[in-house]
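User: I am new to this structure and would like a close look at a single part, the pockets, together with the ring contacts around them. Please take me through that part slowly and explain the terms as they come up.

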Amino acid sequence: MGTKITFPRVDGKEATGYLAKVGKAGAPGVVVIQEWWGLQDQIKGICDRLMLAGYDALAPDLYAGTVVPYHDTEAAGREMNSLNFAECTDQVVRGAVLYLGKAGAKVGLTGFCMGGAVAILGAARIAEISAAVAFYGLPPESLVKPADVKVPLQGHFADRDDTITPPMVDSFEAGLEAAKQNAEFFRYDADHGFLNEQRDVHDRKAADIAWQ
């Protein structure tokens, strides 16, 4: 339902992404950040689903066309580790936010796995977003601390996650509470990546609750 587009980065260079547009003036926007697998069809499907819910949804392609097969964690790790997260957030993700918000619409930011970390990073670094929602991703403390978050933040995490572990989530949530941030975290009896219906870790019950 969406289409590939080109949009300007903040520095004036070009970035690409997948845009699913409501086709109605003034629709609110959501920028959707990919998992470490790249701009997979599943992420495009999230954009389509948000469009059906009334949002213009744009997923910037952070890997510039590279899509990693789900079984190849080594390649996914290489792609993720090649990203400069701060620059990517400031230039590409903020560019996507500005693109959706150019008509004055409110724009939110969400992301999954690696994209969840970027969503929280954006909550600290992108002044133009109204809220952020992170799915099973946290940024390194060297990039953002809980006190740095500047917009309402919602997080969805898996209790059986051995990457973003429950103690890591508890620590970040405690930091948000100590800083009196507007934030709420939800936890699920599920595995990392539970919202991705293309993988065997998908948990329909948890995914349906999280989507609501």
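Analyst: What follows goes through the pockets, then the aromatic rings, and then two single residues. The model is a predicted one, in which local features need pLDDT of at least 70 and side-chain atom pairs count only at pLDDT 80 or more, while totals for chains, interfaces and linings use all residues. Residues are numbered from 1 along each chain as its sequence is written, and side-chain values use heavy atoms, with hydrogens and water left out.

A pocket here is an open set of points on a 1 Å grid over the protein atoms alone, where a 1.4 Å probe fits and protein lies on both sides within 12 Å along at least five of seven lines; its lining residues have an atom within 4 Å of a point. The largest pocket has a volume of about 570 Å³, a volume being the space filled by probe spheres set on the grid points, which are joined across faces, edges and corners. Its lining is made of 27 residues, and those nearest the centre are Leu50, Tyr55, Val133, Gln154 and Trp211. At least two lining residues come from each of β3 (29-33), α1 (41-52), β5 (107-112), β6 (131-135), β7 (153-158), β8 (183-188) and α6 (204-211), where helices (H or I, at least four residues) and strands (E, at least two) are DSSP runs numbered from the N terminus. Strand β5 provides the largest share, five residues. By type, the lining holds 19 nonpolar residues, seven polar and one charged, with Ala, Val, Leu, Ile, Met, Phe, Trp, Tyr, Cys and Pro counted as nonpolar, Asp, Glu, Lys and Arg as charged, and the others, Gly among them, as polar. Trp211, one of the residues nearest the centre of this pocket, also has the charged end of Arg49 over its ring, 3.8 Å from the ring centre; the test asks for NZ of Lys or CZ of Arg within 6 Å of the ring centre and within 35 degrees of the ring normal.

The second largest pocket has a volume of about 390 Å³. It is lined by 22 residues, with Met80, Cys113, Met114, Thr163 and His192 nearest its centre. Helices α2 (73-81) and α4 (114-125) each supply at least two of them, and α2 gives the most, three residues. This lining divides into 13 nonpolar, six polar and three charged residues.

Turning to the rings, a search of the whole structure finds ten aromatic pairs, meaning rings of Phe, Tyr and Trp (its six-membered ring) with centres within 6.5 Å, called stacked if the planes are under 30 degrees apart, edge-to-face if over 60 and tilted otherwise. Phe112 and Phe135 are stacked, because their ring centres lie 4.6 Å apart and their planes meet at 20°. This pair links distant parts of the chain, since Phe112 is in strand β5 and Phe135 in strand β6, 23 residues apart. Both residues are buried, that is, under 20% relative accessible area, with exposed being over 50% and partly exposed in between (1.4 Å probe, protein chains only). Phe112 also forms a tilted pair with Tyr136, at 6.4 Å centre to centre and 55° between the planes. Phe112, Phe135, Tyr136, Tyr188 and Phe194 form one aromatic cluster.

Two single residues complete the view. Asp56, in strand β4 (residues 56-60), is buried because its relative accessible area is 5%. Glu87, in helix α3 (residues 85-100), counts as partly exposed at 41% relative accessibility.
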